[in-house]
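Colleague: I am new to this structure and would love a close look at a single part. Could you pick one helix and walk me through what surrounds it?

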Amino acid sequence: MPIAVGVIETLGFPAVLAAADAMVKSASVTIVYYGIAEGARLIVAVRGQVAEVQTAVTAGIAAGEEVHGGQVITHYIVPNPPENVETILPIHFTSKSEPFRIF
């Protein structure tokens, strides 16, 4: 069963927190990465089935934009990323994220 990765980049912590919260509450996805892009820009990445990731990213964008002063800078969904991308980029399941894996 192919799984996707969805990423949202926001300006400020409250927006990324709202986006992450909305993503895991709206769909069967697992947060696999959170980090600082540069400056006040933050990134959150989720994994799950393609339709679930699409639903989660849509909800995360809406939630991030609703935060006072929040701004979603960019977002992207990659359905079924190849193994070399999963190995190199921080989008794979780790020992921290594995207990929350839904599928």
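Modeller: Happily! The cover over the buried residues of helix 1 includes strand 1, strand 2 (30-38), strand 3, helix 2 and strand 4, where helices (H or I, at least four residues) and strands (E, at least two) are DSSP runs numbered from the N terminus. Contact here means heavy atoms within 4.5 Å. This is a predicted model, in which local features need pLDDT of at least 70 and side-chain atom pairs count only at pLDDT 80 or more, while totals for chains, interfaces and linings use all residues. Residues are numbered from 1 along each chain as its sequence is written, and side-chain values use heavy atoms, with hydrogens and water left out.

The buried residues of helix 1 are Ala15, Val16, Ala18, Ala19, Ala20, Ala22 and Met23; buried means under 20% relative accessible area, exposed over 50%, and partly exposed in between (1.4 Å probe, protein chains only). As for its length, the 14 residues of helix 1 should span 20 Å at 1.5 Å a residue, and its end C-alpha atoms are 20 Å apart, which agrees. The expected span is 1.5 Å times one less than the number of residues.

Now to the less covered residues of this helix. Leucine 17 lies in helix 1 and is partly exposed, with a relative accessible area of 48%. Together with Phe13 and Tyr34, Leu17 makes a nonpolar surface patch of about 320 Å². Such patches are made of residues with over 30% relative accessible area and no salt bridge, like charges being joined within 9 Å and nonpolar side chains (Val, Leu, Ile, Met, Phe, Trp, Tyr) within 5 Å. The accessible areas come from the Shrake-Rupley method with a 1.4 Å probe, and for residues only the protein chains shown count as cover.

Helix 1 also holds a charged pair. Side chains of opposite charge can pair when their charged atoms come close. Lysine 25 and aspartate 21 form a salt bridge, with their closest N and O atoms 3.1 Å apart; the term means a side-chain nitrogen of Lys or Arg within 4 Å of a carboxyl oxygen of Asp or Glu. These two residues of helix 1 are 4 residues apart, about one turn of the helix. Lysine 25 counts as exposed at 65% relative accessibility, whereas aspartate 21 is partly exposed at 36%. In the whole structure, a search finds 4 salt bridges.

Finally, one neighbour from the other side: the buried residues of helix 2 pack against helix 1 (13-26), as well as strand 1 (3-11), strand 3 (41-49) and strand 4 (71-79).
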